[in-house]
Amino acid sequence: MICFDNLSKRYPGGFEALRNVSFKMEAGEMAFLTGHSGAGKSTLLKLLMLMERPTSGNLLINGKNLNRLSNSQIPMYRRQVGVVFQNHQLLLDRTVFDNVALPLQVSGYPAKEIGRRVRAALDGVGLLDKEQQKPMALSGGEQQRVGIARAVVHKPRILLADEPTGNLDPQLSTEIMALFRRFQSVGVTVLIATHDISLINRMQLRIMRLEDGELTDDGGGYGGY
Amino acid sequence: MAATDNSRGAIGKNLSFAHRWRGYKAHHRETLRASFVKMLHEPMQTVLTVMVIAIALALPASLYLTVDNVQQVGSNFESSAQITVFVNKGAKPEAIEGLEKKLNGMAGVTSVEYISAQQALLEFKALSGFGSALRYLEDNPLPAVFLVQPMMEGEVDLVQTQKIITDIKALPVVDDVQIDMAWLQRLHLLIEMGHKIVLALGITLGIGVLLVIGNTIRLAIESRRNEIIVVKLVGGTNAYVRRPFLYTGLLLGLFGALIASIMLFSCLMWISSSVENLASLYQSQYRLQGLGITGFLSLMLIGGVFGLGGAWIAVSRHLRDIEPR
């Protein structure tokens, strides 16, 4: 599903954020991406979102080379990917419902279908009763769950999460990881960037570790920390 | 739960074209409505922008109406422009009859009226008040006259009229031909100049409208930067992002044109009674020409096009810079 083939990213000014990174993720696989800040986690996710283009190497999604996508094809690609942002990126002047509906609206879904799917997604994260609230009226954990609902409402094949448990207490973190597990169980490829070691240690998952832009560790098991 | 549905895949596969088209139309309606609501939420900004646009549209439009009305007045006079043909004194009645036939047969002549020397004398006596002075003259000093009405369809054809005059001059027994064309020519030049001023003013203020709308849209884009980024991140196309701003520009232009029309209409109502009084002094049935339905629709069209154009310029300049980083 996801295939990094000897991929490097150098920013103007010479900073090399990623160096010869290669790995593969199968459809329905779930993995952690870890490493200290500045190691290249964000850059890797940005490349997957086509917010950045690689300097060299190939990035294949479902067999398609993203290098060959033109800028006008980017929106279509992004509709197949769901992203949970660290700062959740919710629109504060819109209701929870409207925030979650956004990916469907930009894809041109009819209103009835949008209502059905948004409620299903909100039900999935346990926030069905908050659909008419504004994000500011919610707690941090609830805001993060709205972000997750928005990331999965259009049934993406790939789910990316950037520090999804950043500011949450362990219990909320566990709940959110359980949500990700459920998406994985229905075939979604889930990649979670985090440096929350306790979280990683609690779950038996593949862990990819980045150090100064290089993939130094790629394997399963209980952390290794 | 959204993700438990196993019929996943590319979105395009589970959305029919008809569904997409309906969604697309619904989105346009929704965007229009949302743009309108957003404008109402910033009433001061909206009112100011609309008023600036309205004034910028009303100025050239009112000048255009003025020129148009002057032209109407001019054409009223033009239709009464007559060519006076003086017949040689001592011309034989047969020769005069022949001249009348020739004048009637000329192209571009609508009617010919003959006034004999005696008739002219009687008219002069009756109208001038110098009747008694004529008694001291031995014979009738006045020549026989033909009043020739050249054809005038709408705009007077000065070249054509000039040609008629030359032709008449060449006819036998014609002594002299008179027409007061100089002031008509001046009027025409003035109207032509007026049209050019309208055009120049229109272009200048049109650019002003583009800039005003462009600036308003630029501010709107800036204030919604975060929203644009999120929309792009979840797969919104550039067209999708552009749409609300284009609708805002269109609405601003249309409202500006509407207010401009109302301003022009009020002004005309205010002036028209004075014009009617003035016209009645000249025994004229003249009435001020307003915008009319065509003028109103043209103004709306111009407002809409400029609104959309200004928004387009702003959007194409500023939206590309906003990319998720």
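## Two chains, questions and answers

Student: How many residues of domain 1 of chain A are in contact with domain 2 of chain A?
Tutor: This is a predicted model, and its chain A is assigned domain 1 (2–80 + 156–219) and domain 2 (92–147). Where the two are in contact, domain 2 of chain A contributes six residues, and domain 1 of chain A contributes seven.

Student: How do the residues on that side of domain 1 of chain A divide into nonpolar, polar and charged?
Tutor: Let's stay with the side of domain 1 of chain A that touches domain 2 of chain A. Gly counts as polar in this sorting. The split comes out as five nonpolar, one polar and one charged.

Student: What separates the domain centres in chain B?
Tutor: For chain A, the centres of domain 1 and domain 2 are 24 Å from each other, taken over C-alpha atoms. Chain B is assigned domain 1 (27–76 + 186–318) and domain 2 (82–179). Over C-alpha atoms, the distance between the centres of those chain B domains is 53 Å.

Student: In what order do the elements of chain B run?
Tutor: Chain B holds ten helices and four strands. Read from the N terminus on, they go α-α-β-α-β-α-α-β-α-β-α-α-α-α.

Student: Is chain B spread out or a compact globule, and what is its radius of gyration?
Tutor: The globule rule gives 20 Å for 325 residues. Chain B is well over that, so it is more spread out than a compact globule. Its C-alpha trace spans about 120 × 40 × 30 Å along the principal axes, and the radius of gyration is 34 Å.

Student: What percentage of the residues in chain B is buried?
Tutor: To count as buried, a residue needs 20 or more other C-beta atoms within 10 Å of its own. Among the 325 residues of chain B, the buried part is 25%.

Student: Which side of helix 4 of chain A do its buried residues take up, the same side or opposite ones?
Tutor: Helix 4 (residues 111–124) of chain A has 14 residues and reaches 20 Å from its first C-alpha to its last. Its buried residues are Ile114(A), Arg117(A), Val118(A), Ala121(A), Leu122(A) and Gly124(A). An α-helix has 3.6 residues a turn, so residues three or four places apart point the same way. In helix 4 of chain A the buried ones cover an arc of only 150° around the axis, which puts them on the same side.

Student: What do the buried residues of helix 4 of chain A pack against?
Tutor: Just after helix 4 of chain A comes Gly126(A), with a positive phi near 70°. As for the packing, the partners of those buried residues are helix 3 and helix 5 (140–152) of chain A.

Student: Which helix of chain A gives the most to the side that touches chain B?
Tutor: The contact takes 32 residues from chain A and 28 residues from chain B. Helix 2 (74–78), helix 3, helix 4 and helix 6 (170–185) of chain A each supply at least two residues to that side of chain A. The residues there divide into 17 nonpolar, eight polar and seven charged. With six residues, the one that gives the most is helix 4 of chain A.

Student: Asn20(A) is not a glycine, so what phi does it have, and is it buried or partly exposed?
Tutor: Asn20(A) lies in strand 2 (residues 16–25) of chain A. Its phi is positive, about 45°. With 15 C-beta neighbours inside 10 Å, Asn20(A) counts as partly exposed.

Notes:
Residues are numbered from 1 along each chain as its sequence is written. Chains are lettered from A and ligands numbered from 1 in the order in which they are written. This is a predicted model: local features need pLDDT of at least 70, side-chain atom pairs count only at pLDDT 80 or more; totals for chains, interfaces and linings use all residues. The radius of gyration is taken over C-alpha atoms; the globule rule is 2.2 Å times the number of residues to the power 0.38. A residue is buried if 20 or more other C-beta atoms lie within 10 Å of its own, exposed if 12 or fewer, and partly exposed in between; C-beta atoms are placed from the backbone. Domain bounds come from an automatic or database domain assignment. The expected span of a helix is 1.5 Å times one less than its number of residues. The arc is that of the directions from the helix axis to the C-beta atoms.
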